[in-house]
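User: Could you take a close look at a single part of this structure, and then set that part in the context of the chain around it? I am in my first year, so please explain each term when you use it.

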Amino acid sequence: MSEKIKRSYIREILDSVDENTISFAGGLPNENLFPMKELKEASNKVFENRFSMQYSKSQGLDELREKIASIYTEKLNFPTTKEEILITTGSQQAFDIISKTFLKKEIVVQRPTYIGALSSFKILDLNIKSFKHKGFLNRDLNRDSGLYLMSDFSNPTGESMSHEDRIEFAYILAKKESFLIEDGAYTLLDFEGKVYKPISARYKKSFHLGSFSKIIAPGLRVGWIRAEKKLIEKILVSKEALDLHTPTLNQMILNQYLEDNCLFEHIKDVRAEYERKMEFMSECFEEYLPSFKFEKPKGGMFIYGSFEEDSFLLARKALEKNIAFVPAKVFYHDNQDSYEARFNFTNSSFEQIELGIKNLAKLMSK
């Protein structure tokens, strides 16, 4: 199988785990926090409407786009109208339709970066370059290239950009006139409830991606792209060729849920639970596996740190003992060997977190 069409390592892990596996691998939100009662009530209302089973607009339902636009305007200090929102089938789809429409040969990514984005760029045969420090962008970016990054709680590292960095990135982009793909999957998951203005708000040739997967439920597969109207109109052609439209039913359920409930009250509960899980995992690492060096994240879903040995080989050994985590090698476009690794803390119980790290420590002591 060619490198270009190789399956995601994380998907392979998720396919191989069973009920005996303690998995810190996937970026899975906690199922116990899905608002099932409220979603069921919303679904019952939606099923009364036959249009829920009909074809709908390629750009997405007007009402849902208006609600997403209001989040940008009111929460992100980024004035937005519904015409600047395109609903996608999960934010993953956004990589494909933006790249096909605007990127001719090259994409520049953070080092390390989100494996789902790398997979999408590779299958489209884009030349991928990576950067560790923003100074390199002055050399690597050009008018026809794109820059992909996460400014909030980056996957896998959990790092966020400062206000000053965001301004500087916008300045570099304006100078180079490159396309910006800014992934906001974790923007609303700051443990203190802070929300920072995206780089996209300072640069017009940009696409800001969002998703309901991390804040409500991923099974609905509803994400979005926020961009200027003229850019939305161009990528709409690629969207229509791919799937005509994101499922009407899923959009209507989400729209009804947002109509009947306060999204940010729900997110407040999610953040609080995730912070407790993060603190507990941190304590377990410090007690049972002090050789694993990391900094506590201030939001998001992952702890990222470094072992004293090759993390890819360790991950293979750990999986044989029913413990799953992701070695950093897969987050590098050139598969660089690494001692670093990513651990998801949101989808395991407190008991699983402690037992998994205890058993990993035992494995490493042999």
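Analyst:
**H208 and its surroundings**

H208 lies in strand β7, which covers residues 206-211; strands here are DSSP runs of E with at least two residues, helices are runs of H or I with at least four, and both are numbered from the N terminus. The model is predicted, so local features need pLDDT of at least 70 and side-chain atom pairs count only at pLDDT 80 or more, while totals for chains, interfaces and linings use all residues. Residues are numbered from 1 along each chain as its sequence is written, and side-chain values use heavy atoms, with hydrogens and water left out.

H208 counts as buried because its relative accessibility is 3%; buried means under 20% relative accessible area, exposed means over 50%, and partly exposed is in between, using a 1.4 Å probe and protein chains only. Its side chain makes a polar contact with the side chain of Y72 at 2.7 Å. A polar contact is a pair of N or O atoms within 3.5 Å; within protein, one must be able to donate a hydrogen and the other to accept it, and residues adjacent in sequence count only if both atoms are side-chain atoms. Leaving out residues up to four places away in sequence, H208 touches Y72, E182, G184, T187, P198, S200, W224, I225 and R226, where contact means heavy atoms within 4.5 Å.

T187, one of the residues that H208 touches, also leads to G300, for the C-alpha atoms of G300 and T187 are separated by 7.9 Å although the two residues are 113 residues apart along the chain. G300 is found in the loop between β9 (293-294) and β10 (302-306), and with a relative accessible area of 1% it is buried. Not counting residues up to four places away in sequence, G300 touches F153, Y186, L189, F191, Y274 and F345.

Another loop residue to set beside these is S52, which lies between α2 (36-46) and α3 (62-75). S52 counts as buried because its relative accessibility is 3%, and its side chain reaches the backbone oxygen of N49 at 2.8 Å. Apart from residues up to four places away in sequence, S52 touches V46, F47, T248, L249 and M252. Among the helices, α4 (residues 92-102) is mostly covered, with eight of its 11 residues buried; these include F95, I97, I98 and F102.

H333 gives a useful contrast, since at 22% relative accessibility it counts as partly exposed. H333 lies in the loop between β12 (326-327) and β13 (340-344), and it is 206 residues from N127 in sequence but 10.0 Å away in space, C-alpha to C-alpha. The side chain of H333 makes a polar contact with the side chain of S130 at 3.3 Å, and it also reaches the backbone oxygen of I128 at 3.3 Å. Setting aside residues up to four places away in sequence, H333 touches R111, L118, K122, I128, K129 and S130.

R111, one of the residues that H333 touches, is joined to P112 by a cis peptide bond with omega of about 5°, and P112 lies in the loop between β3 (106-110) and α5 (115-123). The peptide bond from N155 to P156 is cis as well, with omega near 25°; P156 has its place in the loop between β5 (146-149) and α7 (163-176). Backbone angles also mark out D125, whose phi is near 65°, a positive value in a residue other than glycine. D125 lies in the loop between α5 and β4 (127-131), and at 57% relative accessibility it counts as exposed.

For the chain as a whole, there are 12 helices and 13 strands, and buried residues make up 55% of the 366 residues. Of the contacts with a separation of 6 or more, 74% are between residues 24 or more positions apart. Along its principal axes the C-alpha trace spans about 60 × 50 × 40 Å.
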